[in-house]
Amino acid sequence: MFSRRTATRVAATLGGVALIGAALAGCSSSGGSGGATTISMLAAGNDPASTTFAKDLVKAFHKANPSITVKVETRPGGTDGDNLVKTRLSTGDMNDVFLYNSGSLFQALRPDTQLQPLSDEAWAKDLTSDYKKTVSTEKALYGAPTGTTFNGGIMYNKKVYEKLGLSVPKTWDDFISNSEKIKAAGIAPVIQSYGDTWTSQLFVLADFANVNAKDSNWATDYTANKADAKYSKEPALAGFEHTREIFDKGLMNKDFASLTNVNALKMLATGEGAQYPMITAVISNVLQSNPDQINDIGYFAIPSDSGEPNATVWEPTSAYIPKSTTGDKLTAAKKLIAFINSSEGCDIQNSAGTPAGPFAISTCKLPSDAPALVKDELAYQEAKKTGLALEFLSPIKGPNLEKILIQVGSGISSAKEGAALYDQDVKAQAQQLGIKGW
């Protein structure tokens with residue numbers, strides 16, 4: 001499972017909760033005295049991108065709304081951050097606005113009883129349909145996006161493709177054919193970086209939009225423990241089969257067992273390797289390590305049997321308002337959320353981090369200097385050839401997927417053995433979560 005915090009940990013180590021600043025002094029802390037209102041916002045983390053966005057946002061918002069002060073607090077990432085959010089919501093002590101995951105982690109917050117509905121806000125009509133699914137219940141919509149989406153699939157070196165006369169593959173057979181031609185040219189065809197174990201999962205996780213295209217009920221059936229919705233059966237088995245096939249055909253870099261994500265991206269940027277199954281959120285690392293080559297990297301979705309591949313999308317962190325925020329503070333909080341997706345707020349989002357994909361709201365536009373692969377991702381969105389990652393549709397993911405896929409991708413286990421082992425891992429996790437039917 002890749003959440004926004006997974007992408008963040010590639011570039012930063014998250015620490016404890018800290019107050020990082022307040023807007024200009026002179027506003028009431030009581031929430032309404034003298035026509036002035038003070039609210040608080042809990043940032044998405046305390047990594048550089050999260051803190052820069054929060055600080056720049058409240059500064060610009062206060063300038064546009066001088067009667068409203070926003071105090072910003074950061075929080076840890078991972079489980080500690082999840083527990084902090086859940087505790088504050090349950091005790092009624094949550095900040096007036098908080099930034100948190102969309103999808104299954106959002107559903108775990110009991111939104112219908114703990115969050116303020118935002119369905120009637122003016123900006124809601126501009127959201128993509130995929131995004132709405134990840135912040136809504138049957139009763140209402142509760143979140144607004146912050147930052148861009150990102151995709152999972154294949155990042156590839158465009159110059160290598162051009163030099164060898166290759167076209168973006170749409171079927172898996174085409175992908176293997178391209179990879180064999182790349183190998184013949186003395187270039188690593190498919191980069192794998194098992195030195196960072198989480199990177200082993202892409203052929204499975206990024207293929208889910210293709211699984212969903214074949215069976216739109218798969219995620220629901222998977223969560224309900226239906227017999228056909230298992231990784232040891234098609235269509236989900238394909239990701240395990242692909243992971244094993246590139247090993248069997250010798251299409252991986254020789255140092256796949258020890259290579260790290262950062263060094264894999266350097267290989268891709270310089271053309272030492274041609275294709276890398278990965279999430280596009282890591283493009284910011286290329287901007288740091290190989291800025292002159294950032295636009296040499298493109299993106300395509302995991303090729304499918306049908307020849308009509310769908311891009312798997314991870315939706316952005318979202319802004320929410322707890323039920324405990326009422327009165328003047330609720331009015332101010334809604335203004336802040338609307339500002340996030342205004343033209344000025346969108347500019348702040350662009351400047352605070354490197355866009356890793358299209359926005360989830362039409363009012364935000366990508367900067368002219370966005371990495372080239374973002375345009376490739378946008379083409380799938382415009383063609384309506386996208387699907388949500390499984391983590392946005394189901395709360396179940398076995399914790400050992402990355403280790404199991406390293407076994408499969410290293411030739412230790414067959415695809416079928418690995419998938420069956422993961423089905424058992426999923427069962428244990430579902431039972432631990434207390435999900436019905438397991």
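Pro-235 is found in the loop between α11 (218-223) and α12 (237-248), where helices (H or I, at least four residues) and strands (E, at least two) are DSSP runs, numbered from the N terminus. The peptide bond from Glu-234 to Pro-235 is cis, with omega near 5 degrees. This is a predicted model in which local features need pLDDT of at least 70 and side-chain atom pairs count only at pLDDT 80 or more, while totals for chains, interfaces and linings use all residues. Residues are numbered from 1 along each chain as its sequence is written, and side-chain values use heavy atoms, with hydrogens and water left out.

Most residues other than glycine have a negative phi, and most peptide bonds are trans. Two residues with a positive phi are set out below, with accessibility classed as buried under 20% relative accessible area, exposed over 50% and partly exposed in between (1.4 Å probe, protein chains only).

| Residue | Phi | Loop | Relative accessible area |
|---|---|---|---|
| Asn-225 | about 65 degrees | between α11 and α12 | 27%, partly exposed |
| Lys-384 | about 60 degrees | between α17 and β12 | 73%, exposed |

Lys-384 comes just after helix α17, and in that helix (residues 372-382) Ala-372, Leu-373, Val-374, Asp-376, Glu-377 and Tyr-380 are buried. The cover over these buried residues includes β6 (150-157), α7 (158-164), α14 (283-289), β9 (297-300), β10 (311-314) and β12 (386-388), contact being taken as heavy atoms within 4.5 Å.

A nonpolar core is a set of buried Ala, Val, Leu, Ile, Met, Phe, Trp, Tyr and Cys residues joined through side-chain atoms within 4.5 Å. The largest such core has 79 residues, of which Met-155, Trp-218, Tyr-222, Tyr-231, Phe-240 and Ile-279 touch the most other members. Leaving aside residues up to four places away in sequence, Trp-218 touches Phe-208, Val-211, Asp-228, Ala-229, Lys-230, Tyr-231, Pro-235, Ala-236 and Leu-390. A second, separate core of 51 residues includes Leu-42, Leu-118, Tyr-131 and Ala-333.

Helix α18 (residues 401-409) packs with helix α19 (residues 415-433) at an angle of about 170 degrees, their axes 9 Å apart; axes are lines fitted to C-alpha atoms, for helices over the stretch in contact, and angles run from 0 to 180 degrees between N-to-C directions. The angle makes α18 roughly antiparallel to α19, a term for angles over 145 degrees. On α18 the contact is made by Leu-401, Ile-404, Gln-407 and Val-408, and on α19 by Ala-415, Gly-418, Leu-421, Tyr-422 and Asp-425.

Key: Angles under 35 degrees count as roughly parallel, over 145 as roughly antiparallel, 65 to 115 as roughly perpendicular and the rest as oblique.
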